Amino acid sequence: MTGKSPLSATEEQQVALTALANSHNRGEADRARAVLLTLAGWTSPRIAEAFGVREDTVRLWRSDFMRSGVEALKATTAPGPVPLKSQAALRVAMPLLTEPVADRPNWTIPRLRAEIEAREGVCISRSQLSKALRKKTSAGGARDTR
(Lines give C-alpha, C1' and ligand atoms only; values in the text may rest on other atoms or scores of the structure.)
Protein backbone atom coordinates (compact mmCIF):
# COMPACT_ATOMS: atom_id res chain seq x y z
CA MET A 1 0.00 0.00 0.00
CA THR A 2 1.39 3.36 -0.99
CA GLY A 3 0.13 6.83 -0.39
CA LYS A 4 -0.41 9.17 2.49
CA SER A 5 -0.11 7.69 5.94
CA PRO A 6 -3.18 7.94 8.21
CA LEU A 7 -0.89 9.03 11.04
CA SER A 8 -1.94 12.05 13.07
CA ALA A 9 -0.63 13.69 16.23
CA THR A 10 -2.00 16.16 18.73
CA GLU A 11 -0.22 19.45 19.35
CA GLU A 12 1.08 18.02 22.62
CA GLN A 13 2.44 14.94 20.85
CA GLN A 14 4.11 17.10 18.21
CA VAL A 15 5.87 19.10 20.93
CA ALA A 16 7.02 15.85 22.58
CA LEU A 17 8.16 14.46 19.21
CA THR A 18 10.17 17.62 18.52
CA ALA A 19 11.85 17.33 21.92
CA LEU A 20 12.61 13.65 21.34
CA ALA A 21 13.99 14.43 17.88
CA ASN A 22 16.74 16.40 19.66
CA SER A 23 17.70 13.46 21.89
CA HIS A 24 21.34 12.42 22.24
CA ASN A 25 20.19 8.85 21.61
CA ARG A 26 20.30 8.54 17.84
CA GLY A 27 17.75 5.72 17.63
CA GLU A 28 14.99 7.50 19.48
CA ALA A 29 15.79 10.78 17.72
CA ASP A 30 15.53 9.06 14.32
CA ARG A 31 12.21 7.43 15.25
CA ALA A 32 10.78 10.79 16.35
CA ARG A 33 12.08 12.53 13.22
CA ALA A 34 10.55 9.83 11.03
CA VAL A 35 7.14 10.39 12.63
CA LEU A 36 7.50 14.16 12.23
CA LEU A 37 8.45 13.73 8.57
CA THR A 38 5.41 11.48 8.10
CA LEU A 39 3.23 14.23 9.54
CA ALA A 40 4.89 16.60 7.05
CA GLY A 41 3.80 14.35 4.18
CA TRP A 42 6.93 12.28 3.53
CA THR A 43 6.42 8.71 2.27
CA SER A 44 7.94 5.55 3.75
CA PRO A 45 10.42 5.07 0.89
CA ARG A 46 11.63 8.65 1.17
CA ILE A 47 12.07 8.45 4.98
CA ALA A 48 13.72 5.03 4.72
CA GLU A 49 16.23 6.39 2.23
CA ALA A 50 16.95 9.45 4.39
CA PHE A 51 17.62 7.34 7.50
CA GLY A 52 19.26 4.37 5.78
CA VAL A 53 16.64 1.89 7.01
CA ARG A 54 14.05 -0.34 5.36
CA GLU A 55 10.57 0.90 4.54
CA ASP A 56 9.16 -1.74 6.89
CA THR A 57 11.18 -0.20 9.71
CA VAL A 58 9.61 3.20 9.09
CA ARG A 59 6.15 1.61 9.07
CA LEU A 60 6.97 -0.19 12.33
CA TRP A 61 7.97 3.14 13.95
CA ARG A 62 4.69 4.69 12.81
CA SER A 63 2.71 1.73 14.07
CA ASP A 64 4.45 1.92 17.46
CA PHE A 65 3.62 5.63 17.68
CA MET A 66 -0.02 5.11 16.69
CA ARG A 67 -0.40 2.31 19.24
CA SER A 68 1.48 3.77 22.25
CA GLY A 69 2.36 7.39 21.47
CA VAL A 70 5.71 9.11 21.96
CA GLU A 71 6.73 6.73 24.77
CA ALA A 72 6.92 3.87 22.25
CA LEU A 73 9.69 5.71 20.37
CA LYS A 74 11.94 6.15 23.39
CA ALA A 75 14.98 3.94 23.91
CA THR A 76 14.68 1.17 26.46
CA THR A 77 17.29 -0.84 28.28
CA ALA A 78 17.20 -4.54 27.56
CA PRO A 79 16.79 -6.69 30.65
CA GLY A 80 19.89 -8.50 31.76
CA PRO A 81 21.97 -9.40 34.76
CA VAL A 82 22.86 -6.72 37.31
CA PRO A 83 26.38 -5.37 36.56
CA LEU A 84 27.85 -6.45 39.92
CA LYS A 85 31.49 -5.86 38.97
CA SER A 86 30.79 -2.39 37.61
CA GLN A 87 28.78 -1.46 40.69
CA ALA A 88 31.56 -2.64 43.01
CA ALA A 89 34.15 -0.79 40.93
CA LEU A 90 32.17 2.45 41.02
CA ARG A 91 31.67 2.17 44.81
CA VAL A 92 35.45 2.32 45.14
CA ALA A 93 36.43 4.54 42.21
CA MET A 94 33.93 7.40 42.48
CA PRO A 95 34.93 8.58 45.97
CA LEU A 96 38.59 8.34 44.98
CA LEU A 97 38.05 10.41 41.83
CA THR A 98 35.97 13.09 43.55
CA GLU A 99 38.75 14.08 45.94
CA PRO A 100 40.48 17.37 44.99
CA VAL A 101 43.18 16.74 42.41
CA ALA A 102 45.90 18.35 44.55
CA ASP A 103 45.15 16.00 47.47
CA ARG A 104 45.11 12.65 45.72
CA PRO A 105 47.32 10.34 43.69
CA ASN A 106 47.06 10.15 39.93
CA TRP A 107 44.50 7.35 39.51
CA THR A 108 45.25 5.38 36.37
CA ILE A 109 43.09 2.47 35.25
CA PRO A 110 45.65 -0.12 36.48
CA ARG A 111 45.90 1.61 39.88
CA LEU A 112 42.11 1.80 40.15
CA ARG A 113 41.79 -1.88 39.24
CA ALA A 114 44.27 -2.83 41.99
CA GLU A 115 42.44 -0.65 44.54
CA ILE A 116 39.07 -2.13 43.56
CA GLU A 117 40.39 -5.65 43.90
CA ALA A 118 41.96 -4.83 47.30
CA ARG A 119 38.79 -3.19 48.69
CA GLU A 120 36.00 -5.21 47.07
CA GLY A 121 37.71 -8.45 46.07
CA VAL A 122 36.47 -7.96 42.52
CA CYS A 123 38.73 -8.35 39.50
CA ILE A 124 37.43 -6.11 36.70
CA SER A 125 38.94 -5.80 33.24
CA ARG A 126 40.44 -2.56 31.97
CA SER A 127 37.78 -2.21 29.30
CA GLN A 128 34.88 -2.92 31.66
CA LEU A 129 36.19 -0.42 34.22
CA SER A 130 36.76 2.19 31.55
CA LYS A 131 33.23 1.68 30.19
CA ALA A 132 31.67 1.91 33.67
CA LEU A 133 33.56 5.14 34.39
CA ARG A 134 32.55 6.67 31.03
CA LYS A 135 28.89 5.84 31.64
CA LYS A 136 29.01 7.26 35.14
CA THR A 137 30.82 10.48 34.19
CA SER A 138 28.59 11.08 31.16
CA ALA A 139 25.61 10.74 33.51
CA GLY A 140 26.89 13.61 35.64
CA GLY A 141 29.31 11.87 37.99
CA ALA A 142 32.86 12.83 38.88
CA ARG A 143 35.47 13.56 36.27
CA ASP A 144 39.19 13.15 36.63
CA THR A 145 40.38 16.64 35.73
CA ARG A 146 44.14 16.92 35.76
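Which residues in the largest nonpolar core touch the most other members? Keep that in mind as you turn the structure around, and remember that you're looking at a predicted model. The answer is a set of four: Leu112, Ile116, Leu129 and Leu133, out of the 14 residues that make up this core.

Where do the core's residues come from? Three helices, α5 (84–98), α6 and α7 (126–138), each supply at least two of them. The biggest giver is α5, which puts in seven residues.

Let's pick one of those four and look around it. Leucine 129 touches Ala89, Ile109, Leu112, Arg113, Ile116 and Ile124, once you leave out residues up to four places away in sequence. Two names in that list, Leu112 and Ile116, should ring a bell, since they belong to the set that touches the most other core members. There's also a second core to find, set apart from the one we've been exploring. This other core has 10 residues, including Leu17, Ala21, Ala32 and Val70.

Now for the charged side chains. How many salt bridges does the model have? The count comes to nine, and we can visit a few of them.

Start with glutamate 115 and arginine 119, whose closest N and O atoms are 2.6 Å apart in their salt bridge. Why do these two sit about one helical turn from each other? Both lie in helix α6 (residues 109–120), and they are separated by about one turn because they're four residues apart there. As for glutamate 115, its relative accessible area is 22%, so it counts as partly exposed.

Next, go to lysine 74 and glutamate 71, where a salt bridge joins the side chains at 2.9 Å, N to O. Is glutamate 71 buried or exposed? Its relative accessibility is 54%, so it counts as exposed. Lysine 74 comes in at 34%, which means it is partly exposed.

One more pair to find is arginine 54 and aspartate 56, in a salt bridge whose closest N and O atoms are 3.1 Å apart. Arginine 54 has 58% relative accessibility, so it is exposed. Aspartate 56, at 42%, is partly exposed.

To wrap up the tour, go back to glutamate 115 and arginine 119, with their salt bridge at 2.6 Å. Compare that pair with what happens around arginine 54: salt bridges that share partners link Arg54, Glu55, Asp56 and Arg59 into one network.

Note on methods
Residues numbered from 1 in each chain as written. Predicted model: local features only at pLDDT ≥ 70, side-chain atom pairs only at ≥ 80, totals over all residues. Heavy atoms only, no water. Salt bridge = Lys/Arg side-chain N within 4 Å of Asp/Glu carboxyl O. Buried < 20%, exposed > 50% of the residue type's maximum accessible area, 1.4 Å probe, protein only. Core = buried A, V, L, I, M, F, W, Y, C linked by side-chain atoms within 4.5 Å. Contact = heavy atoms within 4.5 Å.
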